Amino acid sequence: MDFRKLQSANKVKTTELLFGMALLVGVVIWALMTYFGKTGIGVVPFAVGIALLSVWGSYWSSDKIVLTMTGAKIVTEAENKQLYDLVTEICIAAGLPVPKIAIVEDNAPNAFATGRDPNHAVIAFTTGILRVMDREELQGVTAHELAHVANRDTLVSAVAATTAGALALLSDFMLRMMIFGGGNRRDNNNNDQNPLALIASLVILILAPLAALLLRLAISRKREALADVTAVGFTRNPTGLRRALEVLAADSTVVHQKSTAVAHIWIESPLDGSKTSQLFSTHPPLASRIATLRAMEGNL
Amino acid sequence: MKVVLFVVVILVILALLAIMSRNRLVRANISVDEAFAQIDVQLKRRSDLIPNLVETVKGYAAHESGTLEAIVAARAKSTQATTFADVAAADGQLTQALRGLLAVTENYPDLKASSNFLALQEELSSTENKVSFARQFYNDNVRTLNSAIKTFPSSLFVKSAGVSVRPFYEVDDPQDRKAPQVKF
């Protein structure tokens, strides 16, 4: 497959998923209106506001927060010339400014990149990945991470997280209102409502957070697939990243920080993939990523 | 009244589209210039490495004076090159000459063991990668510009934006796409 076609296909998919999220918001607002009438709408700004506040801060200073959370140490050009060169090379291929480069003391091979825009980006490698991979493989990993920077994936995931967060809050508010005071509110204007619509809106309010979570994870998986393809666009060498992913697949050590809060930023999911189902994963399975890259080999 | 409003809205939308298409061309053209400047920066870096490299290799491999002279000559040509075609041609020659040198150094264990040479070799192969990625980035940008020039609606604004189809930066080098592999 041609990387340019794959790239636009993945972008279209993300747009569709984000559109799906917007649709979900619409449906939830409809459910609110149906169940609680106009008073229901009053909580929407609160839910969106709280979600925005909680996600915005971590988006805006994502570079600093993640460095603290993972204990990554910034390295300078003088301290690790080869790593600096490796990252600079891909930055030239991508037309990006050179990001801050950091190393995480951890035996598990893994890497991540974050930052609100290319000028505030940070790319980090574990000591494990620097030890087990050769230059070609590390080049592939670097390209994948810088692809996240180039594709603004911190922003995409912040948008997805905000929407999912707002929906979870809305649903929570609503269910509380139903339990503690639903009876009075319902008098407003929906006595004449179709009971089927009421039941449907109740079901929607209960299921919306789960649907939002699934959409958010699907977006995360698409962005991972896109980053693999964009990486090939930078290096024109699918083999390096494919071999790197094979090294990760063969490796059984897992990053010590099993926190779900930062799971999505690593190149390989630090959470044990075999136990969580595909639907609840932040990353596509390694096997399918390897297969896609293999299909691109000899086809550039 | 309604008709007038409708016409005005349509005109505003068309004007915005026109401005966006023209800006797209201008921006693509600037990107090509910037990408070429990046090639220039990397070629200059590579040029700067060569005197040191030649000195180091000379001490260990006096027999390779032919290879070294080829490099010095290619470097001189590349520093004098001014036109786009000359820069690319000189770049290709120097790339090949350097690759020839790195190939013959295999025969000199003393040289390969020298720490000075090892540092130079890392520097040189990284620079070689940077040059090659800078060329690739330039060509990607030329591709974007050229396709904007040829596709509608931006094709309508080629004259007013003052842009034209730009040539790809092609180096006469069969191995160009393959960055040299260095293990570390």
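Leaving aside its neighbours within four places in sequence, with which residues is B:Tyr138 in contact? In this predicted model, the partners of B:Tyr138 are B:Val32, B:Ala35, B:Phe36, B:Ile39 and B:Tyr169. B:Tyr138 also belongs to the largest nonpolar core, a set of 82 residues. Together with A:Ala124 and A:Leu146, B:Tyr138 is one of the residues with the most contacts inside that core. A second core, separate from this one, holds 29 residues, including A:Leu24, A:Val28, A:Ala164 and A:Leu167. As a general background, nonpolar side chains tend to be buried together in soluble globular proteins.

Chain A may now be considered as a whole. Chain A contains 11 helices and four strands, and 44% of its 300 residues are buried. If one takes the contacts in chain A between residues at least 6 apart in sequence, 77% of them join residues at least 24 apart.

The next topic is the contact between the two chains. To this contact, chain A gives 11 residues and chain B gives 14 residues. On the side of chain A that touches chain B, the elements that give two or more residues are helix H5 (81-94) and helix H7 (135-150) of chain A. H5(A) supplies the largest share of this side, namely six residues. By character, the residues on the side of chain A that touches chain B comprise six charged, three polar and two nonpolar residues.

Helix H5(A) deserves a closer look. At 1.5 Å a residue, its 14 residues should span 20 Å, and the end C-alpha atoms of H5(A) are indeed 20 Å apart, so the expected and computed values agree. The buried residues of H5(A) are A:Asp85, A:Leu86, A:Val87, A:Glu89, A:Ile90, A:Cys91, A:Ile92, A:Ala93 and A:Ala94. Within chain A, the buried residues of H5(A) pack against strand S2 (100-104), strand S4 (122-126), H7 and helix H9 (195-235). In chain B, they pack against helix H1 (2-60) and helix H5 (115-150). After H5(A) comes A:Gly95, which has a positive phi near 65 degrees.

Finally, the confidence of the prediction should be kept in mind. The average pLDDT of chain A is 84, and 87% of the residues score at least 70. Over residues 183-188 of chain A, however, pLDDT stays under 50. For residues 183-188 of chain A, the model has six contacts beyond four places in sequence.

Technical notes:
Residues are numbered from 1 along each chain as its sequence is written. Chains are lettered from A and ligands numbered from 1 in the order in which they are written. This is a predicted model: local features need pLDDT of at least 70, side-chain atom pairs count only at pLDDT 80 or more; totals for chains, interfaces and linings use all residues. A residue is buried if 20 or more other C-beta atoms lie within 10 Å of its own, exposed if 12 or fewer, and partly exposed in between; C-beta atoms are placed from the backbone. Two residues are in contact if their C-beta atoms, placed from the backbone, lie within 7 Å. A nonpolar core is a set of buried Ala, Val, Leu, Ile, Met, Phe, Trp, Tyr and Cys residues joined through C-beta atoms within 7 Å. Ala, Val, Leu, Ile, Met, Phe, Trp, Tyr, Cys and Pro count as nonpolar, Asp, Glu, Lys and Arg as charged, and the others, Gly among them, as polar. The expected span of a helix is 1.5 Å times one less than its number of residues. pLDDT is the predictor's confidence in each residue, from 0 to 100.
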